[in-house]
Amino acid sequence: MPNENNMSLADLQAAESKLLLQTYARNPLQLVRGEGVHLYDENGVAYLDLLSGIGVCALGYNHPVITNAINAQAATLIHTSNLFYNRNTTELALRLTEITGLDRVFFSNSGTEAWEAALKLARAHALMLRNDGKQLGTKFIAMEHSFHGRTMGSVATTHKKLYREPFQPVMPDVTFIPFNDVTALKAAFSNDICGVCIEVLQGEGGINLASEEFLRTARELCDSTGALLMFDEIQSGMGRTGKWCAYQHFGIRPDVTTLAKPLAGGIPIGAMLCTEEAARAITPGMHGTTFGGNPLATGVAIAVIDEIKQSKLLTHVEEIGNYFLAQSRALATKHKDIAAVRGLGLMIGVELSSEALAKQVFSGLTARHILLNRTHETVLRFLPPYLITNAHVDQLITALDAELTTHTSTSKTLAGEAVHG
């Protein structure tokens, strides 16, 4: 299908270079429509999408459940503000508390806003406990290689210096420790800590899964003082790992969790959930949002959750994720330049031996019409729609095998020429 707006990719690139704040190094593709697990450029070329808008489009593209929910709600009511009651807000809150095991919800427009709410809740909860005569400070423990968002509080708990240091001073009193290091966690923890911030499965940091020992230790430490255990499930939640939340694989309940990316299948929405105890710290006027929890976003989120349940997609994610991991690990036995394969469900990282090789393979896969992204410099990150099949995985593995064969053979040839030249 040709591009109907008559703006070529070159036209868009020229216009954006003058009009947009230069926050993204975009891939040179103009995507104009989607269907299922494929996206199409302005020339009608199909691309297998294994990124799904960075983990957002869980049900793929042009899914009738989402389209119908958008159309029905848009024709009825899009926005009223949170000064009034709306059925969708309550119905979505009921679904989210049921699937997460937590008690109360705050709706936002994005993941970083949900995390901001979590940080504010931890500080407010600590103040409440201090007013009750308990000793609890205002500091946070966060993880190395963490990513919690781009706003000032979220970026303060995000480890990567590129995201944090240009905006100093950010929120103070955050201590970073090595991920999964129980000894470091115990050493950093004290009554000064009001919250421990953990991505159960780190995404931006390279697809790193928390250990059960680490999570249980964090739970025990927080219980000992009243600090809040805060799990960021913005990327790993809503079925991405084969369960509604990654922490459910370990049977460990946090005091706070955050959800966003796939929650409404592409309509912006985020959610911060917490226990009844933590919620006691927030009273009317302390926090709020204009657009968060609006009828449109919540209505679509309800439809997404119901479709995941009715189509038994959690089981499918677990099964196809196991196949994806097994095929990737089998490929690693053939190619020594695959340093590691990590993941859970459909949140998978293939780490390559160098940044240069990762860049080459990424570009090669894009040229083969397969979309993904590269994170932590050397890791190919896969966050496909939940609808992918074994055949789609096989298509990737065949292409990845060819790319690794090509680039490692080229490297060996060039090295040989350098020696004998």
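This report describes the sheets, one helix and the nonpolar cores of a predicted model.

Residues are numbered from 1 along each chain as its sequence is written, and side-chain values use heavy atoms, with hydrogens and water left out. Local features need pLDDT of at least 70 and side-chain atom pairs count only at pLDDT 80 or more, whereas totals for chains, interfaces and linings use all residues.

**Sheets**

Helices (H or I, at least four residues) and strands (E, at least two) are DSSP runs numbered from the N terminus, and two strands pair if DSSP finds at least two bridges between them. The model has an open sheet of seven strands, ordered 4-12-11-10-7-5-6 with mixed pairing, and its twist averages 20° from one strand to the next. An open sheet of four strands has the order 1-2-3-15, again with mixed pairing. The table lists one strand pair from each order.

| Strand pair | Sense | Bridges | Facing residues |
|---|---|---|---|
| Strand 5 (139-143) and strand 7 (193-198) | parallel | three | Lys 139 and Ile 193 |
| Strand 2 (38-41) and strand 3 (46-49) | antiparallel | three | Tyr 40 and Ala 46 |

**Helix 4**

Helix 4 (residues 87-100) packs on the seven-stranded sheet, touching strand 4, strand 11 (256-259) and strand 12 (270-274), and its direction makes about 120° with that of strand 4; axes are lines fitted to C-alpha atoms, for helices over the stretch in contact, and angles run from 0 to 180 degrees between N-to-C directions. At 1.5 Å a residue, its 14 residues should span 20 Å (1.5 Å times one less than the number of residues), which agrees with the 20 Å between its end C-alpha atoms. At the N-terminal end, Asn 86 acts as a cap, with a side-chain oxygen 3.0 Å from the backbone nitrogen of Asn 88, while Gly 101, just after the helix, takes a positive phi of about 80°. The buried residues of helix 4 (under 20% relative accessible area, 1.4 Å probe, protein chains only) include Leu 92, Leu 96 and Ile 99, and the buried residues pack against elements including helix 3 (64-74) and helix 11.

**Nonpolar cores**

A nonpolar core is a set of buried Ala, Val, Leu, Ile, Met, Phe, Trp, Tyr and Cys residues joined through side-chain atoms within 4.5 Å. The largest has 87 residues, and Leu 96 and Ile 198 are among those with the most contacts inside it; its largest share, nine residues, comes from helix 11 (residues 295-310). A second, separate core of 31 residues includes Ala 117 and Val 256. Leaving aside neighbours within four places in sequence, Ile 198 is in contact (heavy atoms within 4.5 Å) with residues including Met 143, Phe 179 and Phe 231.

Notes:
Buried < 20%, exposed > 50% of the residue type's maximum accessible area, 1.4 Å probe, protein only. Polar contact = N/O pair within 3.5 Å; in protein donor to acceptor, adjacent residues only side chain to side chain.
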